[in-house]
Amino acid sequence: TLVNQVVSHLVQAIRSKDGGFSSIERQSAGSYYERVKISEPNEFDIMLVMPVARIQLDEADDTGAYYYVAFKRNPKEKYLLKFLDEDGKLSAFKMLQALREIIKQEVKNIKNVEVTVTRKKAGSPAITLQIKNPPSEISVDIILTLEVQQSWPPSTQDGLKIEQWLGTKVRREFRFRSLYLVAKQNKREKILRGNTWRLSFSHIEKAMMNNHGNSKTCCESDGPKCCRKGCLKLLKYLLEQLKMKHPKELEKFCSYHVKTAFFHSCVMWPNDSDWHLGDLDHCFQKCLGYFVDCLQRSQLPHFFIPQYNLLSVEDKASHHFLSRQISCELNNRFPVFQE
């Protein structure tokens with residue numbers, strides 16, 4: 001309720017300023033809204049989505065995930081032209097900076113709650129708010145997102161291999177949905193200019209989580225229940241606990257790694273009968289086994305962009321460290337869960 005109150009206030013204020021953000025809509029993403037949040041709901045992801053008409057996408061590197069965005073001739077979005085850089089590319093950095101300024105000014109006008117904007121984290125696509133909610137704090141990541149009604153780029157062609165799991169029709173329907181791009185710095189750029197955008201599929205991930213069964217009735221009120229969400233929660237919780245124990249060694253890992261491994265597991269074991277509710281323990285260990293295998297090979301393909309490896313080879317040491325930690329937990333019946 002608190003988060004909604006603060007975000008609604010901000011969205012109204014952002015729209016009313018003439019900063020070029022009048023068409024912005026809010027969308028919720030992330031684990032809380034996929035119903036796979038494990039501990040206190042103290043972290044929220046809110047996407048501020050801006051619809052843009054046709055744009056030209058140019059790959060920024062060989063991952064197939066990062067793009068430069070340029071407008072076709074005479075764009076409808078005249079109000080965005082001020083955010084172009086000297087090469088005529090839409091600068092994520094400039095847009096984020098402008099949005100951040102509006103939000104920083106506006107939080108001062110929120111009366112009944114104490115809200116602050118945290119310092120900018122290098123390379124992070126989010127503007128993070130801290131909301132005081134005694135005895136704790138809530139953090140809200142606001143993510144600037146472009147929504148484009150055009151076909152997905154070629155790098156996604158062989159991704160989303162859900163035919164056996166959710167069906168060919170569902171895959172086709174997903175691929176007709178609009179394309180999301182988030183303002184995200186590409187670390188591989190020689191000169192960091194802050195004008196790259198990264199593909200985001202959070203809207204599709206949310207749809208897959210909320211409609212995850214091979215049969216249409218899975219987990220409906222009168223249908224059979226499965227343990228898929230339970231598995232993902234445990235995977236995320238395990239990583240979260242290990243990151244707390246070894247912050248330095250595991251800083252490169254985030255919940256998206258286990259979420260991706262989980263989606264690949266759903267494809268490998270597509271039937272609801274592979275995920276009986278009573279088999280949570282066994283299914284969790286299967287998913288974990290797959291993830292450990294990925295870590296040992298330093299190879300975890302992005303679920304939607306198969307050429308993009310989420311485990312970069314130069315971080316081999318930390319992959320092996322995590323795989324050893326997980327194996328140790330597995331062999332000792334997960335002491336980290338008892339703590």
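A residue counts as buried when its relative accessible area is under 20%. By that cut-off, six of the six residues of strand β4 (residues 66-71) are buried in this predicted model. Strand β4 is therefore largely enclosed by the rest of the structure. In a regular strand, side chains alternate between the two faces of the sheet. Burial in β4 extends to both faces. Tyr66, Tyr68 and Ala70 are buried on one side. Tyr67, Val69 and Phe71 are buried on the other.

The chain has an average pLDDT of 90, and 94% of the residues score at least 70. Confidence is lowest in strand β1 (residues 25-29), where the mean is 82. Helix α6 (residues 255-268) has the highest value, 97. Where pLDDT is low, the predicted coordinates should not be read in detail.

Strand β4 has pairing partners in β3 and β9. With strand β3 (residues 55-59), the pairing is antiparallel and runs over five bridges. Here glutamine 56 stands opposite alanine 70 of β4. Six residues lie between the strands in the hairpin of β3 and β4. In this hairpin, glycine 64 adopts a positive phi near 80°. With strand β9 (residues 197-200), β4 again pairs in the antiparallel sense, over two bridges. Tyrosine 66 of β4 faces arginine 198 in β9.

The ring of tyrosine 68, a buried residue of β4, also has a charged contact. The charged end of lysine 89 sits over this ring, 4.8 Å from its centre. Lysine 89 also forms a salt bridge with aspartate 87, with the closest N and O atoms 3.8 Å apart. The two partners differ in exposure class. Lysine 89 has a relative accessibility of 18% and therefore counts as buried. Aspartate 87 is partly exposed, at 46%.

In total, the structure holds ten salt bridges. One of them joins lysine 259 and glutamate 205, with an N to O distance of 2.9 Å. This pair links distant parts of the chain. Lysine 259 belongs to helix α6 and glutamate 205 to helix α4 (residues 202-210), 54 residues apart. Both ends of the bridge are buried. The relative accessible area is 10% for lysine 259 and 3% for glutamate 205.

A further salt bridge lies within helix α7. Arginine 297 and aspartate 293 meet there at 3.4 Å, N to O. The two residues are four residues apart, about one turn of the helix. Arginine 297 is partly exposed, with a relative accessibility of 47%. Aspartate 293 is also partly exposed, at 35%.

Aromatic contacts were counted next. The structure has eleven aromatic pairs. In one of them, the rings of phenylalanine 262 and tryptophan 275 have centres 6.1 Å apart. Their planes lie at 70°, so the pair is edge-to-face; planes over 60 degrees apart count as such. Phenylalanine 262 is in helix α6, and tryptophan 275 is in the loop between α6 and α7, 13 residues apart. The pair thus links distant parts of the chain. Both residues are buried. They also belong to one aromatic cluster with Trp152, Phe201, Phe263, Phe303 and Phe304.

Residues 227-327 are listed by UniProt, in an unreviewed entry, as "domain: Mab-21-like HhH/H2TH-like". Over this range the chain is 61% helix and 0% strand. The end C-alpha atoms of the range are 22 Å apart.

Backbone geometry has two further points of note. Most residues other than glycine have a negative phi. Serine 298 instead has a positive phi, near 50°. Serine 298 is placed in the loop between α7 (280-297) and α8 (316-331). With a relative accessible area of 1%, serine 298 is buried. Arginine 333 also has a positive phi, near 55°. The loop between α8 and α9 (335-338) holds arginine 333. At 69% relative accessibility, over the 50% cut-off, arginine 333 counts as exposed.

Definitions and conventions:
Residues are numbered from 1 along each chain as its sequence is written. Side-chain values use heavy atoms; hydrogens and water are left out. Buried means under 20% relative accessible area, exposed over 50%, partly exposed in between (1.4 Å probe, protein chains only). Two strands pair if DSSP finds at least two bridges between them. pLDDT is the predictor's confidence in each residue, from 0 to 100. UniProt positions are given in the numbering used here, feature names are shortened, and annotations may be inferred rather than shown by experiment. Rings of Phe, Tyr and Trp (its six-membered ring) pair if their centres lie within 6.5 Å; planes under 30 degrees apart count as stacked, over 60 as edge-to-face and the rest as tilted. A charge sits over a ring if NZ of Lys or CZ of Arg is within 6 Å of the ring centre and within 35 degrees of the ring normal. A salt bridge is a side-chain nitrogen of Lys or Arg within 4 Å of a carboxyl oxygen of Asp or Glu.
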